[in-house]
Each structure stands twice: as structure tokens, then as C-alpha cells.
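Visitor: Could you take me on a close look at one helix and what sits around it? I'm new to this, so please go step by step.

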Amino acid sequence: MNITVELLKRYDRPGPRYTSFPPATEFHSGVGEPELAEHLERASRLEAPLSFYAHLPFCEERCLYCGCNVVITKRRDVLRRYLDHLYREIRDLAARLGERRRLSQYHLGGGTPTYLTPDELRELHGVITSEFTVEPAAEVAIEVDPRVTSEEHLAVLRELGFNRLSLGVQDFTREVQEAVDRVQSYESTRDQVALARRLGFESINIDLIYGLPFQKPLTFCRTLELLREIRPDRVAVYSYAHVPWIRGQQREIDPASLPGPETKMELFATAVRELTRAGYLSIGMDHFALPEDEMGRAVAAGKLWRNFMGYTVSHAPDMIGCGASGISDVAGAYFQNVKKLSRYEELVGAGRLPTERGCVLTRDDSIRRHVITSLMCNFTARIREIEDLHNIAFWEYFAKEREGLTPLIADGFVAIHPDRLDVVGIGRRFIRNVCMIFDPYLEKDGAEPRFSRTV
């Protein structure tokens with residue numbers, strides 16, 4: 001991809017992934033339960049559909065690379081207590097939303113949602129659908145771990161109307177799997193995808209991670225060859241975020257075993273090369289999809305969107321997140337629930353909204369969110385559209401940013417046209433760096449690490 005060592009040195013720096021803007025690092029305790037109640041009431045006045053996410057944090061074992069909020073336990077009574085409180089939160093949220101109960105996107109994530117038994121998944125789905133109406137064309141998705149997901153799990157999920165499946169793989173190389181405590185065979189993954197297809201799942205995604213211990217371009221290429229044989233509809237190729245100051249289990253990973261920036265970029269270049277050769281479209285920062293997949297069609301139409309569940313074809317104006325650590329995006333503000341199970345259950349049990357921090361967007365935040373989301377999703381910002389929607393003169397408003405883009409233009413990352421700002425060529429591999437130009441919150445960063453590196 002013609003990425004030189006000098007470019008890597010210049011642009012490999014800590015930066016947000018921009019799942020949201022402002023990033024979650026800007027959430028604070030000054031925004032909590034009263035503000036969420038107010039914003040839910042505002043959201044209840046709209047007629048648009050919602051996105052819905054339920055967090056199921058349980059896993060039987062912890063993968064060392066994991067950056068998710070998880071609870072490691074084999075005690076089913078802990079899960080039972082959590083589900084009872086989750087149901088209470090779901091009913092409370094639905095009541096506060098009044099008649100606004102339609103879902104265009106419905107996602108179960110974790111943790112490992114298939115830690116729940118098939119009967120428990122049926123029960124959870126029953127509670128959700130008793131409070132909300134899932135639209136016929138809704139994106140109904142779940143994350144699964146092939147190591148703990150049975151044929152009965154998949155059959156029940158399909159029966160309930162789930163149409164999208166995301167399987168974690170990360171890497172098929174045994175040495176890499178052992179280094180991160182995630183041993184999973186190619187055969188079991190292949191067989192589970194084949195079963196899901198027979199059951200009628202419309203879109204199947206597989207997650208890979210590059211930058212893990214002992215990964216090499218040659219062995220990662222073999223993983224990609226095996227992936228091509230499975231041929232999922234979508235592939236996510238995530239950069240490993242080594243943040244041991246946040247995720248304590250990552251301290252067990254020897255930093256010397258991690259590939260350096262040059263090798264890490266070569267790993268991603270290998271993924272781009274092999275997946276595009278296999279017919280996949282490169283989408284956003286780290287996703288790939290077959291042209292006939294709904295996500296591939298959304299990119300062609302310029303309608304890709306991004307929220308806390310990742311890239312999506314469903315652009316609902318508000319997202320409701322429930323469960324421990326769940327994040328909601330409601331009426332121009334973000335709200336995150338408490339992460340600790342005991343505190344979550346205490347608050348829900350007392351009839352309270354279990355949010356602990358958040359961020360109410362300013363007008364400036366909303367303008368910058370529009371720009372950054374457009375760049376992250378479609379590698380372009382439509383200047384006239386942004387000017388008309390926000391009543392600004394784009395380059396007058398972003399005069400400082402225009403100057404900051406100068407070196408990125410010189411490096412061939414960005415092209416400016418009268419009606420749009422495009423991220424081009426190898427600039428798409430540094431999309432986080434491009435978006436960082438529009439992020440004023442980075443100016444106040446101190447010595448304390450807050451983000452993973454962009455390469």
C-alpha cells in the first residue's frame with residue numbers, strides 16, 4: 001500500500017476509534033439519571049424507529065486480548081439474577097418511551113450472548129418483543145462464540161427471527177490462539193457457518209484481529225485463505241488495542257511478542273489484499289463485505305452508518321442500550337450504565353435508571369459528529385449538505401482544521417473539492433488520523449494514556 005516507515009512513525013499515535021463523537025473518554029458523572037429521563041421523554045415524542053442493544057456480559061473464560069466489559073463465572077444463579085434485573089430495566093425504558101416502540105435494529109452483544117441457554121435466549125427475546133415491535137425488515141443480530149454455541153442455539157435464534165450472526169475467530173494460527181487463551185479450530189467455525197446458512201441466516205460476519213502476539217504476515221495469510229473457504233458475507237478486521245492500563249488481563253501478554261507498527265500495517269495490508277482478491281469490498285475503517293450483502297449495497301448507495309454496535313445499514317436517530325455498561329444515544333446525548341453488576345442490580349432494584357455518566361452534545365459537537373461519522377463511514381464529507389443542515393460556511397467554521405489538513409493533503413491522504421472532502425488512497429488506512437484533525441478534545445490530553453495507537 002506504499003506506506004513507508006517514515007509515514008508510520010509520523011502517524012502512529014494514540015487516538016480514538018470514533019465509535020462515537022465526542023469519544024467515550026469525554027463522558028462524565030455530571031450527566032446521569034435526571035438527564036437520561038429528560039432525553040427519553042424527548043425521544044418519546046418522535047415517530048422514528050429505534051436501535052436497541054442489550055449487553056450480556058458473561059463468559060466462561062477470559063480471552064487475554066478482550067477489551068469488552070465481561071464477567072467470568074460458571075454460576076448460573078449470577079446470570080439468573082442479572083436477567084431478572086435486565087428485564088426490569090427493559091420494561092422501565094419501554095414505559096418511558098411511550099408509544100415509540102418500533103425497532104429497526106436489535107442486537108445482543110457481550111460477553112458471550114450464547115452463554116445463555118437456548119431457553120434463556122427465548123425468554124429474553126420474549127421480554128424484549130413484549131415491550132417493543134421488531135420491524136419486518138429489521139437488522140436482528142447476535143454475537144456468538146463458536147466454542148460454546150450449539151446447534152440448538154442457532155436453531156432457536158433463527159426461529160426467533162435473528163437474521164445476522166457474528167462469529168469471533170481472531171486468527172486460526174494455533175500459536176496465536178494459545179498466546180491469547182482463545183483456542184478454536186477452523187473446522188468447528190466452518191461447520192457452524194454452514195449450519196447457520198442451512199438455517200437461513202441472511203448475513204454472517206466473522207471477526208479477525210491483527211496485531212496479536214506472534215502474528216506474522218505469512219501465517220495471517222493462511223488464516224485469510226481458510227476464511228475465503230468459509231466465505232462469510234462480511235469480515236471485520238480489527239486492530240488489537242493493547243491497553244493494559246484499562247484491561248488488566250492484557251498485562252499477561254508479553255509486549256515483546258506483539259508485532260511492531262511496520263509488521264502490524266503489513267498484516268492489515270495482507271488482509272486488504274487477500275479479501276479484495278476474493279471479491280470483498282473494503283468498507284469503512286476495518287470492514288469488508290461481499291457486493292451482494294446489504295452492507296455492500298449500503299456503501300454503494302452512500303448510506304452506511306456507524307453507532308456503538310459498529311457499522312450498520314440501519315440509521316435510527318436514537319439508540320437504547322441496556323444492561324451493565326450499556327450505552328444509549330438519545331436525543332443528542334450519550335448515557336452509559338454502571339459497569340459493576342452489584343451496583344447495576346442495586347439501582348435497577350430500587351426502580352432507578354442505572355446510568356452513571358454521559359455527555360450532552362453541544363452544537364459544535366453535533367457539527368463535528370456529522371463530519372467525523374461521514375468520514376468514518378463513507379470516506380467523504382459532503383460540504384453543501386453539512387452547511388445546509390447546520391447553517392455554517394464549512395471552511396470558515398473549520399479554518400483551523402483546513403490548515404491542519406495541509407500535511408495530510410501533501411501525503412496523499414485527503415483531497416478537497418468544492419462540494420466535498422474526500423479521504424483517498426492510503427489515507428483510508430489512516431482514517432482515524434484524518435478524523436483527529438476535527439477533534440478539539442485531543443488538545444487537552446495529558447500524559448495519562450487514554451487511547452490505543454492508530455497503527
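Guide: Here is a walk that starts at helix H2, visits the empty spaces, and ends with some aromatic rings and backbone oddities. Keep in mind that this is a predicted model.

Let's begin with H2, which covers residues 33–43. Its buried residues are Glu-33, Leu-36, His-39, Leu-40 and Ala-43. Why do these sit on the same side of H2? Because they cover an arc of only 125 degrees around the axis. There is a simple bit of background here: an α-helix has 3.6 residues a turn, so residues three or four places apart point the same way.

What do those buried residues of H2 pack against? One partner is a helix, H3 (76–96), and the others are strands: S13 (318–322), S14 (327–330), S15 (333–337) and S16 (355–360).

Now for a gap in this neighbourhood. A probe the size of a water molecule, rolled over the atoms, shows where empty space is left. Counting cavities of 30 Å³ or more gives two. The second largest has a volume of about 40 Å³. Two residues you have already met, Leu-36 and Leu-40, belong to its lining, along with Glu-89, Leu-93, Ile-320, Gly-321, Ser-328, Val-330, Asn-337 and Pro-354. H2, H3, S13 and S14 each give two or more residues to that lining. Sorted by class, the lining of this second largest cavity has six nonpolar residues, three polar and one charged.

Stay with the strands for a moment. Tyr-334 is found in S15, and Tyr-334 is buried, with a relative accessible area of 1%. Its C-alpha atom is separated by 21 Å from that of Val-313, and the two residues are 21 residues apart along the chain. Over in the loop between S13 and S14 you'll find Ser-325. Ser-325 isn't a glycine, yet its phi is positive, about 75 degrees. Ser-325 counts as buried, with a relative accessible area of 11%.

If you step back along the chain from H2, you reach the loop between helix H1 (5–11) and H2, where Pro-22 lies. The peptide bond from Phe-21 to Pro-22 is cis, with omega near -5 degrees. There's also a cis peptide bond joining Gly-110 and Gly-111, where omega is about 20 degrees. Gly-111 is in the loop between strand S4 (102–110) and helix H4 (118–131).

Next, the other cavity. The largest one has a volume of about 170 Å³. It is lined by 17 residues, and Tyr-210, Met-285, Arg-429, Arg-432 and Thr-454 are the ones nearest its centre. Strand S8 (234–239), helix H9 (261–277) and H17 each supply at least two residues of this lining. By class, the lining of the largest cavity holds eight nonpolar, three polar and six charged residues.

There are pockets to see as well. About 660 Å³ of space lies in the second largest pocket. Its lining has 32 residues, of which Trp-305, His-315, Arg-369, His-370 and Thr-373 lie nearest the centre. Which helix gives the largest share of the lining? That's H12, with seven residues. Among the elements supplying at least two residues are strand S17 (380–382) and helix H13 (383–390). The lining of this pocket has 13 nonpolar, 13 polar and six charged residues.

H13 leads us to another backbone oddity. Asn-391 lies in the loop between H13 and H14, and its phi is near 60 degrees, a positive value in a residue other than glycine. Asn-391 is exposed, with a relative accessible area of 67%.

Last stop: aromatic rings. The structure holds 19 aromatic pairs. Phe-172 and Tyr-186 form an edge-to-face pair, 5.5 Å centre to centre, with 85 degrees between the planes. Phe-172 lies in the loop between strand S6 (164–170) and helix H6 (174–179), and Tyr-186 in helix H7, so the pair ties together parts that are 14 residues apart in sequence. Both Phe-172 and Tyr-186 are buried.

Phe-398 and Phe-438 make another edge-to-face pair, at 5.3 Å centre to centre and 80 degrees between the planes. Phe-398 is in the loop between helices H14 and H15, and Phe-438 in the segment after H17, so this pair ties together parts that are 40 residues apart in sequence. Phe-398 and Phe-438 are both buried. They also belong to one aromatic cluster with Phe-394, Trp-395 and Tyr-397.

Key:
Residues are numbered from 1 along each chain as its sequence is written. This is a predicted model: local features need pLDDT of at least 70, side-chain atom pairs count only at pLDDT 80 or more; totals for chains, interfaces and linings use all residues. Side-chain values use heavy atoms; hydrogens and water are left out. Buried means under 20% relative accessible area, exposed over 50%, partly exposed in between (1.4 Å probe, protein chains only). Helices (H or I, at least four residues) and strands (E, at least two) are DSSP runs, numbered from the N terminus. The arc is that of the directions from the helix axis to the C-beta atoms. Contact means heavy atoms within 4.5 Å. On a 1 Å grid over the protein atoms alone, a cavity is a set of points where a 1.4 Å probe fits but cannot get out, and a pocket is an open set with protein on both sides within 12 Å along at least five of seven lines; lining residues have an atom within 4 Å of a point. Grid points are joined across faces, edges and corners, and a volume is the space filled by probe spheres set on the points. Ala, Val, Leu, Ile, Met, Phe, Trp, Tyr, Cys and Pro count as nonpolar, Asp, Glu, Lys and Arg as charged, and the others, Gly among them, as polar. Rings of Phe, Tyr and Trp (its six-membered ring) pair if their centres lie within 6.5 Å; planes under 30 degrees apart count as stacked, over 60 as edge-to-face and the rest as tilted.
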